[in-house]
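Trainee: Please take one strand of the sheet and describe closely how it is placed among its neighbours and in the core.

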Amino acid sequence: MKKLPKLGCACEKHDLIESEYRTSIVGTDFTDDKNAEVSIIQCRLCQRIWLKYTLESDRWFKGIIAKKEVAEMKPENAVEYLENLPWYIGGGNFFGNKEVFGEGKLNMDL
């Protein structure tokens, strides 16, 4: 599994401050009653673009998305996109408010 480049950037952490990024809401994924918010966030410092998938169950996942793929992203495709990345980050209360690197299937079990 690839690790994040050691940029020391705020976007590599779980506790971003709103002034450190720009957000665009893609929509809500209602597939299988998930009711998850899907958004695109771009770091104001390093300009990396992330696809973020936030579940109501106190957890989220984010992975790098190419600029050319942002316009094509649909809420119901976000999980598949993240699961096909070489790596992604998970966070939130479920993970003890720490960033957790993952690959493959997202841990969405309640």
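Mentor: Two strands are said to pair if DSSP finds at least two bridges between them. Strands (E, at least two residues) and helices (H or I, at least four) are themselves DSSP runs, numbered from the N terminus. The model is predicted, and local features need pLDDT of at least 70, side-chain atom pairs count only at pLDDT 80 or more, while totals for chains, interfaces and linings use all residues. Residues are numbered from 1 along each chain as its sequence is written, and side-chain values use heavy atoms, with hydrogens and water left out.

The strand chosen here is E4, residues 59-64. This strand belongs to an open sheet of six strands in the order E1-E2-E3-E4-E5-E6, with antiparallel pairing. Strands E1 (21-29) and E6 (100-102) stand at the edges with a single partner strand each, so one side of each has no neighbour in the sheet. From one strand to the next, the twist averages 25°, an angle taken between N-to-C directions, on a scale from 0 to 180 degrees, of axes fitted as lines to C-alpha atoms.

On one side, E4 pairs with E3 in the antiparallel sense over six bridges. Here Tyr 53 stands opposite Phe 61. The two strands form a hairpin with three residues between them, and Asp 58 in the turn has a positive phi of about 60°. With E5 (residues 88-91), E4 shares three bridges, again antiparallel, and Trp 60 stands opposite Gly 91. E5 in turn pairs with E6 over three bridges, where Tyr 88 is opposite Gly 102.

Five of the six residues of E4 are buried, so the strand is largely enclosed by the rest of the structure; buried means under 20% relative accessible area, exposed over 50% and partly exposed in between, with a 1.4 Å probe and protein chains only.

Phe 61 is also one of the residues that touch the most other members of the largest nonpolar core, which has 18 residues; Leu 51, Tyr 53, Ile 65 and Leu 82 are the others. Such a core is a set of buried Ala, Val, Leu, Ile, Met, Phe, Trp, Tyr and Cys residues joined through side-chain atoms within 4.5 Å. Strand E2 (36-43), strand E3 (49-55) and helix H2 (78-83) each supply at least two of its residues. Not counting residues up to four places away in sequence, the contacts of Phe 61 include Leu 51, Tyr 53, Leu 82, Tyr 88, Phe 95 and Met 108, a contact being heavy atoms within 4.5 Å.
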